[in-house]
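Q: Please take a close look at the surroundings of the bound ligand in this model, and set them in the context of the rest of the chain.

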Amino acid sequence: PKTIYLKDYSAPDYFIEKTELEFDLFEADTLVRSKLTIARNTAKPAAPLVLNGQNVELVSVAINGEVLSASDYTVDDVSLTISNLPDTFIFECVTKIQPQDNTSLEGLYKSRTMFCTQCEAEGFRKITYYLDRPDVMSVFTTKVIADKQKFPVLLSNGNEVGAGELDGGRHWVEWNDPFKKPAYLFALVAGDLINVDSHFTTQSGREILLRIFIEPKDKNKCDYAMQALKNAMRWDEDVYGREYDLDIFMIVAVDDFNMGAMENKGLNIFNTSCVLASPETTTDAGYQRVEGVVAHEYFHNWSGNRVTCRDWFQLSLKEGFTVFRDEEFSADMGSPTVKRVEDVSMLRSMQFAEDAGPMAHPVQPSSFIEISNFYTLTVYEKGAEVVRMIRTLIGAEQFRKGSDLYFERHDGQAVTIEDFVAAMADASGRDFSLFMNWYKQAGTPKLSAKGDYNAANKTFSLTLSQSCPPTPESQTKQPFHIPVAVALLGKEGALKLSLQGDVQASISADQQEAVLELTSSSQTFVFENVDEPPVPSLLRGFSAPVKLAYNYSREELGRIITLETDGFCRWDASQQYALLVIADVMAALVNEPAPAVDESLIEAYRTVLTNDALDPAMIALMLSLPSEDYIGDQQAIVDVDTIHHARNRVVRKIALSLHAEFLACYNKIHQELSAAPYSPDATSIAKRSLKNKALAYLVETGKPEAIELCKAQFEQSDNMTDTMAALTALVHSPKAAIADLKAACLAQAYGKWKEESLAVNQWFAVQATSPVPGALAVVESLMQHEAFDIRNPNKLRAVIGGFAMRNSINFHDRSGSGYAFLADQIIKLDSQNPQVASRLLTPLTRWKKYDEKRQQLMRDALQRILDKPGLSPDVYEVVTKSMV
Ligand code: HT7
Ligand code: ZN
């Protein structure tokens with residue numbers, strides 16, 4: 001496989017002004033007729049036409065109506081080349097493909113009985129020969145022909161412009177998309193589907209038809225997605241001034257899909273898991289995911305479709321910006337603080353690990369082998385953090401001006417991350433040249449802070465220093481431009497801030513927050529008129545994606561927990577407190593099997609739990625100990641077993657010490673919620689999160705009354721959140737005495753959900769992620785279960801992904817059995833679906849973080865994968881880069 005470099009980018013040799021497609025869908029073969037109006041890029045006078053094409057059979061090819069003979073062109077595995085062409089011409093070709101055998105779920109494929117497409121990033125070339133690159137933008141007309149009875153619904157991008165009947169029970173529908181687009185935004189669907197419709201009136205008074213296509217059985221599961229879509233459309237008008245442009249917006253739900261959803265112009269295709277929702281099958285988190293993904297794909301209509309990427313190195317141009325937009329949307333729909341904590345928590349436990357691993361890459365990568373491997377947490381989530389930092393640096397008003405300028409300047413163009421940042425710089429008058437290092441350098445910077453209070457001068461000096469560990473693309477790093485939002489907490493709360501000298505910083509209107517700009521390896525900022533020794537609360541709102549090192553004492557953390565008004569810092573202080581306590585237990589476990597747990601943590605938790613002024617969702621988050629992965633991330637070599645045992649010990653201590661409080665909390669909320677039927681509104685979600693956190697701690701005590709309570713919730717619940725919370729607490733409990741109860745509940749749940757594929761996925765996942773010993777045998781038996789389908793990515797993610805990515809203690813079993821199992825699965829999946837195989841492989845690539853014996857076992861597993869003949873470029877890239 002070949003490496004592609006950003007530095008080698010060159011504009012296309014030809015442009016495709018018009019694309020006319022005709023699809024004749026049959027059970028055995030699909031014929032694709034393509035007619036392209038092509039013009040030479042006059043800057044490249046002698047270049048031959050090289051069209052991308054993969055796994056397609058070329059039936060015929062013609063130029064300006066003249067059929068070519070085989071000697072007029074050359075075809076290989078990945079391209080079709082024609083030389084000596086005029087400056088403008090019509091290219092026509094017919095290709096034959098077999099979507100029903102396409103298990104990669106890229107290009108045109110079949111999901112159950114339905115034909116559908118996934119063209120991003122490079123799937124269009126599996127349909128027909130084309131200039132399959134995002135900077136070639138064309139107007140598409142698409143005619144779809146199929147059997148009318150089997151495929152009554154025939155869809156493509158844009159507006160329907162014609163339809164008719166044909167002999168043999170076939171029919172056709174023609175679609176035209178008036179907006180120029182790259183091939184990756186092309187979509188086609190053919191199936192026996194029903195639609196649920198609604199309408200939206202835009203700010204300028206245009207009426208848009210909103211239509212969600214689903215299988216008839218799912219008719220009652222799309223109301224939530226429809227409302228989320230309307231909310232997103234309104235929000236994008238209000239917050240970004242962006243209005244929808246076509247007359248119809250369609251969403252189609254498909255079962256077999258490699259990712260969450262796809263923003264094809266006017267015809268979004270969704271994984272069923274990101275669009276269907278009902279109280280009986282969807283948890284609160286599931287509802288929130290539907291809302292977030294629907295909004296994300298909708299927002300792409302501007303940030304991605306109207307303004308797209310010049311090349312795939314610019315992926316974060318659309319993804320980072322769109323994730324930032326969807327995060328802000330979800331924050332506005334619910335609790336901004338809770339949303340921020342959830343996002344940061346995910347970033348720190350998963351993206352930081354990616355940044356520290358062998359596949360680390362900048363937000364704007366400089367090279368890749370397989371672009372599908374770069375749809376990563378770095379490009380998406382860290383990319384969103386980088387956009388957020390731009391807003392923090394220039395403020396909301398200038399940020400909006402920058403985004404208006406960006407959309408106005410580049411509408412209809414394929415552009416770069418530099419273009420986006422230039423619009424922000426031009427609108428705000430700020431210099432972003434140093435800031436570009438966030439896009440160009442991989443790795444998570446470490447931000448060290450030291451405070452020094454001078455009582456005589458009443459000053460507080462804060463010295464901020466930065467460093468960044470080496471990553472595969474660069475050993476040494478330039479400084480990052482880091483916005484550090486700070487408050488100083490006195491005994492009664494935030495102090496008024498004033499900074500000495502002419503420093504790069506801004507202070508909020510209420511003078512309680514300063515944003516300090518660190519632009520070199522070390523700088524000292526001096527606050528004046530500080531009447532008492534303060535506790536600095538750093539990185540408010542998580543103002544930069546860095547690892548903060550400040551030597552807080554437990555008392556100082558306690559002050560932040562009680563006095564800080566910034567929810568993120570408050571939560572983070574509780575996490576740091578817990579980390580200190582867990583670290584003590586880990587150290588003590590070397591000498592004693594049951595070390596004591598610092599009582600002050602219990603008291604801090606008691607105060608939080610009984611604080612009625614706090615949002616229940618925040619209480620639940622503050623009472624959640626750092627995950628095993630996050631604790632492991634703090635260690636040079638992850639001590640899997642000690643982390644697990646120490647964390648469990650602290651959980652148990654909290655559970656036993658606060659038993660009465662948890663029970664009171666559970667009963668109170670349970671009663672409140674029982675008064676009304678299930679609703680996924682923010683207030684109820686918050687209450688359920690605290691209630692179920694309390695339930696988990698209660699079950700942790702192992703007390704028979706707690707088990708009874710949990711069983712009752714499992715049996716009586718009217719919603720999936722409560723059902724799954726109860727089932728998870730039981731299934732993940734180490735208590736051997738409840739083995740029969742677990743089995744009975746699992747059997748009962750399966751009996752209830754067997755016809756609900758998305759619920760069955762959760763049933764699979766709860767078992768695959770169980771920390772109880774023996775999970776591998778369970779996983780192996782789940783893979784033999786009647787409901788398991790190896791071709792369905794959701795099932796693979798639930799079972800194999802659940803075990804390898806969310807069950808550390810079992811996956812990292814000393815025997816190496818988890819590693820060997822994962823290698824076997826990857827070897828099998830590689831030929832079937834390389835994208836999914838390559839993603840599932842991630843845990844093995846982190847071998848350097850484990851002890852020598854595990855390192856060897858993990859490397860053996862990787863080597864076995866590498867030895868597979870004909871390995872896909874996707875898996876090849878990840879394995880080879882991780883074995884260095
Ligand atoms: N832009 C979409 C990316 C996507 C994708 C990429 C590779 C393979 C399959 C895929 N399905 C969707 C999704 C998004 O970020 O909105
Ligand atoms: Zn996206």
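A: A residue is taken to be near a molecule if its C-beta atom, placed from the backbone, lies within 6 Å of it. The model examined here is a predicted one. The shell around ligand 1 comprises 15 residues, of which Glu 120, Asn 258, Met 259, Met 262 and Tyr 375 come nearest. Sorted by class, this shell holds 5 nonpolar, 6 polar and 4 charged residues.

As to where these residues originate, domain 1 (1–191) and domain 2 (308–440) each contribute at least three of them. Among the secondary structure elements, strand β20 (261–262) and helix α2 (284–299) each provide at least two residues of the shell.

The UniProt record, an unreviewed entry, lists residues 224–438 as "domain: Peptidase M1 membrane alanine aminopeptidase". Over residues 224–438, helix accounts for 56% of the chain and strand for 9%, while the end C-alpha atoms lie 37 Å apart.

The division of the protein also includes domain 3 (446–479 + 481–551). The centres of domain 1 and domain 3, taken over C-alpha atoms, are separated by 54 Å.

Elsewhere in the chain, an open sheet of 4 strands runs in the order β28-β29-β27-β31, with antiparallel pairing. Its edges are formed by β28 (505–507) and β31 (535–538); each has a single partner strand, so one side of each is left without a neighbour in the sheet. On average, neighbouring strands of this sheet are turned by 25° against each other, direction ignored. Strand β28 pairs with β29 (residues 514–518) in the antiparallel sense over 3 bridges, and Ser 506 stands opposite Val 515 in β29.

Terms used:
Residues are numbered from 1 along each chain as its sequence is written. Chains are lettered from A and ligands numbered from 1 in the order in which they are written. This is a predicted model: local features need pLDDT of at least 70, side-chain atom pairs count only at pLDDT 80 or more; totals for chains, interfaces and linings use all residues. Domain bounds come from an automatic or database domain assignment. UniProt positions are given in the numbering used here, feature names are shortened, and annotations may be inferred rather than shown by experiment. Ala, Val, Leu, Ile, Met, Phe, Trp, Tyr, Cys and Pro count as nonpolar, Asp, Glu, Lys and Arg as charged, and the others, Gly among them, as polar. Two strands pair if DSSP finds at least two bridges between them. Axes are lines fitted to C-alpha atoms, for helices over the stretch in contact, and angles run from 0 to 180 degrees between N-to-C directions.
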